[in-house]
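Please open the structure in your viewer and keep the sequence panel beside it. This tour suggests what to select at each stop and then says what is there.

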Amino acid sequence: MKQTIFTVLALAAFASASPLLDTRADCAPVHIIAARATGEPPGPGIIGTLIDAVKHYSSQYITTDFVEYPATLLNYADSSAAGTAALKAQLTNQVAACPSQKIVLVGYSQGAHVVGDTLGGGGGGPNLGPKTAAVPASVSSHVTAVVLMGDPRHIIPETFQQGTATSQGMFPRLPDQSLEAFASQIHSYCDWTDLFCAGGLNLLIHVSYTVKYNYVAAPFILSKIGG
């Protein structure tokens, strides 16, 4: 079953992923960092289509980057922990280099898990290893917008939830890892019966969020970065 899930995710990601994004190092007004889904090849992954939409419609110069991490399923705890550590370092370095920059974080599936754990703290609970601290507020305060799609750590209720989910994900976020402090900056997309973010049995829903929700997620990001 796990191998089947991995294969479907990998094929869907390969079919939908956008090209590698612009990674110029200068301090643009806006910088977007993507965390890809499980099984996707290195790069922004399927959620890169959302970044492409934001760049197309924005009036600002935007630079982009992605999190380098394993994004594997079979050793999920180690993979997500590695992604969280990588993004915390990446975000910290970006803020230090460009302190006036508006930063946007986007993540799909395991990538959404990584983004959430970076902001709220990771690990804990069954099958995720020891708890890890969130990135310091001095860093996270530079994050202007966040989009999560198919977050396996989704819980009920979340005030920033979008979509139709009525139950929690495979690895529900613990109370002391809440993302509610960032509620005004986050849209989290999860639909009912999703295998990973809503405890359901439907895998096709899990790989459909960019097609279904980019049209609302892009305007949300644009509203936060100022167009």
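What percentage of the 227 residues of the protein chain count as buried? In this predicted model, the share that counts as buried is 56%. If you switch on the surface, the protein chain exposes about 9300 Å², of which carbon and sulfur atoms supply 63%.

Now return to a cartoon view and colour by secondary structure, which brings up seven helices and six strands in the protein chain. Following the chain from the N terminus, you meet these elements in the order α-β-α-β-α-β-α-α-β-β-β-α-α.

Next, select the strands, which form an open sheet of six with parallel pairing, in the order 2-1-3-4-6-5. Strand 2 (62-66) and strand 5 (161-162) stand at the edges of this sheet and have a single partner strand each, so each of them has one side left without a neighbour in the sheet. At one of these edges, strand 5 runs parallel to strand 6 (residues 186-189), and two bridges join them; if you click on Q161, you can look across to S188, its bridge partner in strand 6.

Keep the sheet visible and add helix 2 (residues 48-57), which packs on it and touches strand 1 (30-35), strand 2, strand 3 (102-108) and strand 4 (143-149), while the direction of the helix makes about 170° with that of strand 2. Then add helix 3 (residues 76-97), which lies across strand 1, strand 2, strand 3 and strand 4 and runs at about 165° to strand 3.

For the last stops, show the side chains of the aromatic residues: a search of the whole structure finds four aromatic pairs. Select Y76 and F171 to see a stacked pair, with 5.1 Å from centre to centre and 20° between the planes. Because Y76 lies in helix 3 and F171 in the loop between strand 5 and strand 6, this pair ties together parts that are 95 residues apart in sequence. Both Y76 and F171 are buried.

Move on to Y108 and Y209, whose ring centres are 6.2 Å apart and whose planes stand at 50°, so this pair is tilted. Here too distant parts of the chain are linked, since Y108 belongs to strand 3 and Y209 to helix 7 (residues 209-225), 101 residues apart. Y108 and Y209 are both buried. Finally, add Y189 and Y213 to your selection, and you will have the cluster in which ring pairs link Y108, Y189, Y209 and Y213.

Definitions and conventions: Residues are numbered from 1 along each chain as its sequence is written. This is a predicted model: local features need pLDDT of at least 70, side-chain atom pairs count only at pLDDT 80 or more; totals for chains, interfaces and linings use all residues. Side-chain values use heavy atoms; hydrogens and water are left out. Helices (H or I, at least four residues) and strands (E, at least two) are DSSP runs, numbered from the N terminus. Buried means under 20% relative accessible area, exposed over 50%, partly exposed in between (1.4 Å probe, protein chains only). Accessible areas come from the Shrake-Rupley method with a 1.4 Å probe; for residues, only the protein chains shown count as cover. Two strands pair if DSSP finds at least two bridges between them. Contact means heavy atoms within 4.5 Å. Axes are lines fitted to C-alpha atoms, for helices over the stretch in contact, and angles run from 0 to 180 degrees between N-to-C directions. Rings of Phe, Tyr and Trp (its six-membered ring) pair if their centres lie within 6.5 Å; planes under 30 degrees apart count as stacked, over 60 as edge-to-face and the rest as tilted.
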